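Welcome, and thank you for taking a look at this two-chain model with me. Please keep the sequence and the 3D view open as you read.

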Amino acid sequence: MSHGHSNPLQHPEVQMASRSSYLAGFVIASLLMLAATILVSGQVLPPFALLLTIMGCAGLAAIAQIYFLLHIDISEHNIWNTVALVMFIPLFVITIGLTWWMFSQLYLRTMPMIPGMPGMH
Amino acid sequence: MSSAHEKPVDPDQVVLWSDDYEGHDVISTRTFGFWMYILSDGMLFATLFAAYGVLSYSHSYYTGPTPAQFVAPWYTFIQTMALFLSVLAYGFSMAAMKTGSKAGVINGIVASMVLGAVFIGLDIHDVLRMISMGVTPEVSGGLSAFYALTQVHAAHIFVGLIWMLVMLYQILKKGFTEDVVGRLISLRMFWQFQAVMWVFIYVFVYLWGYMS
């Protein structure tokens with residue numbers, strides 16, 4: 001890696017910045033969040049389909065931001081950032097998923113209905 | 001080998017490595033290190049998402065208000081746009097840095113700060129509105145988890161704004177040195193990552209809470 005050592009502005013981390021790529025990330029994420037907001041406030045879909053749709057919007061918006069803004073790709077300069085993120089995603093999902101699973105099973109077996117509460121969903 | 005014996009090495013004078021080694025890439029090293037920090041920050045959010053996930057059942061709110069009663073999706077959508085635009089402005093600032101344009105970088109960061117401050121202002125206004133409705137963290141476990149997650153994110157934005165202020169001073173004072181450029185890139189990743197986390201908070205806490 002022969003980066004311009006003398007001038008930090010010639011460093012690939014600086015030179016990889018791109019207006020069009022940042023704009024693409026912004027537009028895609030904004031449109032997906034707009035779509036999710038319209039769907040939720042309009043309540044046009046049945047609840048489960050609505051949940052799946054907004055989950056899809058969140059996933060695509062996050063991928064767009066990670067790719068277009070954070071430069072996570074397989075280029076030589078960024079590959080280790082990508083590897084670290086790929087290792088991170090299972091930790092993130094397992095932390096949330098297993099915690100949620102354990103407590104949902106616990107609630108199923110232990111939680112009595114209390115008068116005056118809204119129903120379990 | 002024999003010459004080394006002729007002249008004894010003085011431990012106070014010897015230079016073991018060059019501090020200007022050509023292959024030592026300061027910006028890349030620091031950027032990767034900061035990316036590690038960002039991912040561990042992501043694990044902090046994972047624990048808060050997990051806490052919110054297990055405390056967002058209807059019994060978690062006991063008989064108190066649920067997000068369906070106090071979340072205003074369009075209000076929070078405006079907050080979302082303020083944050084996304086702030087991240088875009090910071091990105092444009094970094095694009096201006098490619099050509100060494102100090103004015104372009106400073107304008108971008110100032111725009112990013114203003115939009116970030118709009119996000120914080122809307123958040124504070126929203127919290128005050130909820131408090132006036134009696135929606136406070138101590139009402140139920142569900143509300144504690146809601147406030148913890150959303151306000152930890154707001155605290156990140158606040159720290160980012162302070163950091164931007166510091167960077168504006170350093171750009172004016174020191175110019176684009178290796179240190180300053182490296183910090184600007186770390187701040188770029190930090191700021192963009194807050195937008196990624198906000199996508200999950202907005203969809204899974206605000207929107208999902210509103211529809212439940």
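The report below goes through each chain, then the contacts between them, and then a few single residues.

This is a predicted model, in which local features need pLDDT of at least 70, side-chain atom pairs count only at pLDDT 80 or more, and totals for chains, interfaces and linings use all residues. Residues are numbered from 1 along each chain as its sequence is written, while chains are lettered from A and ligands numbered from 1 in the order in which they are written.

**The two chains**

Let us begin with chain B, which has seven helices and zero strands. Helices (H or I, at least four residues) and strands (E, at least two) are DSSP runs, numbered from the N terminus. Along the sequence, the pattern of chain B reads α-α-α-α-α-α-α. The radius of gyration of chain B is 23 Å, whereas a compact globule of 212 residues would have one near 17 Å. That quantity is taken over C-alpha atoms, and the globule rule is 2.2 Å times the number of residues to the power 0.38. The C-alpha trace of chain B spans about 85 × 40 × 20 Å along its principal axes.

Chain A has four helices and zero strands, and its elements run α-α-α-α from the N terminus on.

Burial and contact range can be set side by side for the two chains. A residue is buried if 20 or more other C-beta atoms lie within 10 Å of its own, exposed if 12 or fewer, and partly exposed in between, with C-beta atoms placed from the backbone. Two residues are in contact if their C-beta atoms, placed from the backbone, lie within 7 Å. The last column of the table gives the share of contacts with a separation of 6 or more that residues 24 or more positions apart account for.

| Chain | Residues | Buried residues | Contacts 24 or more positions apart |
|---|---|---|---|
| Chain A | 121 residues | 23% buried | 45% of contacts with a separation of 6 or more |
| Chain B | 212 residues | 42% buried | 82% of contacts with a separation of 6 or more |

**Where the chains meet**

Between the chains, 57 residues of chain B are in contact with 55 residues of chain A. On the chain B side, α2 (26-54), α4 (73-97) and α7 (178-211) each supply at least two residues. The largest share of that side, 16 residues, comes from α7(B). Sorted by class, the side of chain B that touches chain A has 38 nonpolar, 15 polar and four charged residues. Here Ala, Val, Leu, Ile, Met, Phe, Trp, Tyr, Cys and Pro count as nonpolar, Asp, Glu, Lys and Arg as charged, and the others, Gly among them, as polar.

Two helix pairs across the chains are worth following in the viewer. In the first pair, the axes of helix α4 (residues 79-110) of chain A and α2(B) come within 9 Å and cross at roughly 15°. Axes are lines fitted to C-alpha atoms, for helices over the stretch in contact, and angles run from 0 to 180 degrees between N-to-C directions. α4(A) and α2(B) are therefore roughly parallel to each other, a term for angles under 35 degrees, with over 145 counting as roughly antiparallel, 65 to 115 as roughly perpendicular and the rest as oblique. Residues making this contact include A:W80, A:F88 and A:W100 of α4(A), and B:F32, B:W35 and B:F49 of α2(B). By class, the contact of α4(A) with α2(B) has 18 nonpolar, six polar and no charged residues.

The other pair joins helix α2 (residues 19-42) of chain A and α7(B), whose axes come within 10 Å and cross at roughly 10°. α2(A) and α7(B) are therefore roughly parallel to each other as well. On one side of the contact are A:A29, A:M33, A:A36, A:T37 and A:V40 of α2(A), and on the other are B:V199, B:Y202, B:V203, B:L207, B:Y210 and B:M211 of α7(B). This contact of α2(A) with α7(B) has ten nonpolar residues, one polar and no charged ones.

**Three residues to visit**

A:Y22 is found in helix α2 of chain A. With 24 C-beta neighbours inside 10 Å, A:Y22 counts as buried. Leaving aside residues up to four places away in sequence, A:Y22 touches A:F68, A:L69, B:L88, B:G91 and B:F92. A:Y22 and A:F68 are 46 residues apart along the chain, and their C-alpha atoms are separated by 5.9 Å.

B:S212 lies in the segment after α7 of chain B, and B:S212 counts as partly exposed, with 16 C-beta neighbours inside 10 Å. From C-alpha to C-alpha, B:S212 and B:P67 are 7.9 Å apart in space and 145 residues apart in sequence.

B:Q170 has its place in helix α6 (residues 141-174) of chain B. With 16 C-beta neighbours inside 10 Å, B:Q170 counts as partly exposed. The C-alpha atoms of B:Q170 and B:T31 are separated by 18 Å, and the two residues are 139 apart along the chain.
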